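Work through the exercises below with the sequence and the model open. Each task is followed by a worked solution.

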Amino acid sequence: MFAAQAGLLSLAPVLPNVAGDFGITAAAARQLRTLGGLAGGVMAVAVALVGPRLGLRGTLIAGHLMLALGTLASAAAPSLAVLAAGQAAVGGAAGFLIAGALAASVAWSGPGERARVLAAASLGQPMSWVAGMPLGGLLAELDWRYSLLGPPLVAS
């Protein structure tokens, strides 16, 4: 859950820099976040449909691989199209990871532990705000590409 949220958060603080580098408006750059959210929603539905075939472990592995590839593509993007594809992968990964983590926290715990395990798993998202955002901000001082790469890639 931490990794999924770190991927989703990494773009927001550097949108003006991204817009400047690619010669677009900040409003146009914000559409990258919309694309990531849309991809996340589509992938969450896909997990419901194909998740049983992948299994929980496979769903989580696929999500982490997608997140790693999406962050690498985003950070190395030579064009806006490549950045958009990378951010779509990051959003899709969030769909896989959040759905997989919630399902795994229930499936991999005993009946008396489920509420506690689900609550603990859910802490990953707010912890990403607390730890991932400041780290991303520090990395953005070097270059916006490091911000996209750092917390999500390390977490995945």
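**Exercise 1.** How many salt bridges does the count come to by the rule used here?

*Solution.* Two notes on the source come before the count. This is a predicted model, in which local features need pLDDT of at least 70, side-chain atom pairs count only at pLDDT 80 or more, and totals for chains, interfaces and linings use all residues. Residues are numbered from 1 along each chain as its sequence is written, and side-chain values use heavy atoms, with hydrogens and water left out.

Step 1: apply the rule, by which a salt bridge is a side-chain nitrogen of Lys or Arg within 4 Å of a carboxyl oxygen of Asp or Glu. Side chains of opposite charge can pair when their charged atoms come close.

Step 2: the count is one salt bridge. Its partners are Arg116 and Glu113, at 3.6 Å from N to O.

Step 3: look at the accessibility of each partner, where buried means under 20% relative accessible area, exposed over 50%, and partly exposed in between (1.4 Å probe, protein chains only). Arg116 is exposed at 54%, and Glu113 is partly exposed at 39%.

**Exercise 2.** Describe the largest cavity and state which residues line it.

*Solution.* Step 1: set the terms. On a 1 Å grid over the protein atoms alone, a cavity is a set of points where a 1.4 Å probe fits but cannot get out, and lining residues have an atom within 4 Å of a point. A volume is the space filled by probe spheres set on the points, which are joined across faces, edges and corners.

Step 2: searching the whole structure gives one cavity of 30 Å³ or more. The largest cavity holds about 60 Å³.

Step 3: its lining consists of Ala6, Leu9, Ser10, Pro13, Ser128, Gly132, Met133, Gly136, Ser147 and Pro151. Two or more of these residues come from each of α1 (2-9), α6 (124-142) and α7 (144-155), helices being DSSP runs (H or I, at least four residues) numbered from the N terminus. Helix α6 gives the most, four residues.

Step 4: sort the lining by class, with Ala, Val, Leu, Ile, Met, Phe, Trp, Tyr, Cys and Pro as nonpolar, Asp, Glu, Lys and Arg as charged, and the others, Gly among them, as polar. The result is five nonpolar, five polar and no charged residues.

**Exercise 3.** Is Gly95 buried or exposed, and how far in space is Gly95 from Gly40?

*Solution.* Step 1: locate Gly95 in helix α4 (residues 80-107).

Step 2: Gly95 has 7% relative accessibility and counts as buried.

Step 3: Gly95 and Gly40 are 55 residues apart in sequence, yet their C-alpha atoms are 4.3 Å apart.

**Exercise 4.** Place Leu139 and Pro134, and give the accessibility of each.

*Solution.* Step 1: Leu139 is in helix α6, and so is Pro134.

Step 2: Leu139 is partly exposed at 21%; Pro134 is partly exposed at 42%.

Notes
On a 1 Å grid over the protein atoms alone, a cavity is a set of points where a 1.4 Å probe fits but cannot get out, and a pocket is an open set with protein on both sides within 12 Å along at least five of seven lines; lining residues have an atom within 4 Å of a point.
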